[in-house]
Amino acid sequence: MTRNVLFYARHSAGYHDHACLETQLYYGHRFIKENGWTFVKSYADEDIGEVVFMAQPGVRKLFAHIEREAIDIVLCHTLDRLCSRFDIASRLLSELARKGIELWVADPGERITARNLSDHYIDDGSNMFAKGSHIAHVPDDLREDEHLVPLAFGYRYKGAFNADRQYILGFTAVDTDAANAVQQIFQLYTEGMSPAKIAALLNTLGIAGPRGKAWRDVTIRGDRTQSTGILNDQIYLGRFWIPGRASCDFVPALQIVTQDLWHRVKQRQRLAARGGTE
């Protein structure tokens with residue numbers, strides 16, 4: 001019988017700066033595949049401190065998922081990416097056990113139990129780790145952009161050199177051709193064309209859709225109330241959401257659609273909703 005797995009990752013600035021979310025997910029997915037388990041979903045947080053561990057957005061979402069769906073395992077890359085204090089890890093382990101859920105770490109590849117939990121911490125019970133605290137190196141094939149978290153249509157990954165002259169891939173940039181298609185979609189919609197007709201036109205023109213697939217009306221229309229679909233994604237206004245934050249960052253260089261064009265689209269959507277047509 002298959003075992004359903006939720007994966008949790010946590011980005012940390014400083015010492016573990018290179019233990020990035022993509023690296024953790026890479027090793028997590030590999031461990032899940034090796035064991036024949038089923039990956040269900042991943043949740044992540046910025047490192048905003050252990051004091052508010054259970055208040056972190058990713059942790060809250062993970063436990064909400066557990067409440068509504070049968071989950072067998074919560075997996076993290078290393079135990080320090082879950083939490084770095086023994087007392088918090090102990091309470092978390094007990095909470096999962098009460099729900100019949102196992103806690104595993106992909107490195108060193110074992111199940112965490114009340115019996116071996118203390119083996120991962122120094123005897124004084126501080127926030128310093130014993131085994132399992134080594135640095136995870138970014139695998140070579142993860143440096144290719146297809147292994148990174150997919151970006152919204154209209155954007156691509158680019159690389160840059162850091163202060164040590166190391167080349168780092170992972171910076172977001174506007175993809176000019178795709179951005180032109182996004183602008184065209186917004187403009188055509190404000191001019192009265194339906195998402196279905198816009199999709200048909202883009203396919204006729206040979207313009208590839210997200211992930212290189214053919215355009216569909218639902219890809220463009222999405223759900224206004226859920227902020228899905230090309231016409232509802234605020235990323236095109238340059239608004240980027242950062243894990244662990246309650247608000248988004250505005251990045252002017254990544255804005256594809258003007259405020260005026262965005263508002264005209266929203267106005268037509270409201271009129272269409274009232275009239276029941278597009």
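A residue counts as buried when its relative accessible area is under 20%. By this cut-off, W104 is buried, because its relative accessible area is 16%. The structure described here is a predicted model.

The protein chain contains seven helices and nine strands. Of its 278 residues, 39% count as buried. The accessible surface of the chain comes to about 15,300 Å², and carbon and sulfur atoms contribute 52% of that area. Among contacts with a separation of 6 or more, 60% join residues that are 24 or more positions apart.

Aromatic rings provide examples of links across the sequence. The structure holds eight aromatic pairs. One of them is formed by F31 and W104, whose ring centres lie 6.2 Å from each other, with 45° between the planes. This pair is classed as tilted. F31 belongs to helix α1, which covers residues 21–34, whereas W104 belongs to strand β4, which covers residues 102–105, so the pair ties together parts that are 73 residues apart in sequence. F31 is buried too, because its relative accessible area of 9% falls under the 20% cut-off. W104, at 16%, is buried as already stated.

A second pair is made by F186 and W262. The ring centres of F186 and W262 are 6.0 Å apart, and the pair counts as stacked because the planes meet at 25°, with stacking assigned to planes under 30 degrees apart. The pair links distant parts of the chain: F186 lies in helix α4 (residues 176–190) and W262 in helix α7 (residues 259–275), with their positions 76 residues apart in sequence. Both partners are on the buried side of the cut-off: F186 has a relative accessibility of 0%, and W262 has a relative accessibility of 8%.

The rings of F186 and W262 also belong to a cluster. Ring pairs link these two residues with Y155 and Y236.

Charged side chains are placed over aromatic rings as well. The charged end of K266 sits over the ring of W262, at 4.5 Å from the ring centre. The ring of W262 is thus described both by its stacked pair with F186 and by the charge of K266 over it. In another such arrangement, R268 lies over the face of Y189, and the distance to the ring centre is 4.1 Å.

Note on methods:
Residues are numbered from 1 along each chain as its sequence is written. This is a predicted model: local features need pLDDT of at least 70, side-chain atom pairs count only at pLDDT 80 or more; totals for chains, interfaces and linings use all residues. Side-chain values use heavy atoms; hydrogens and water are left out. Helices (H or I, at least four residues) and strands (E, at least two) are DSSP runs, numbered from the N terminus. Buried means under 20% relative accessible area, exposed over 50%, partly exposed in between (1.4 Å probe, protein chains only). Contact means heavy atoms within 4.5 Å. Accessible areas come from the Shrake-Rupley method with a 1.4 Å probe; for residues, only the protein chains shown count as cover. Rings of Phe, Tyr and Trp (its six-membered ring) pair if their centres lie within 6.5 Å; planes under 30 degrees apart count as stacked, over 60 as edge-to-face and the rest as tilted. A charge sits over a ring if NZ of Lys or CZ of Arg is within 6 Å of the ring centre and within 35 degrees of the ring normal.
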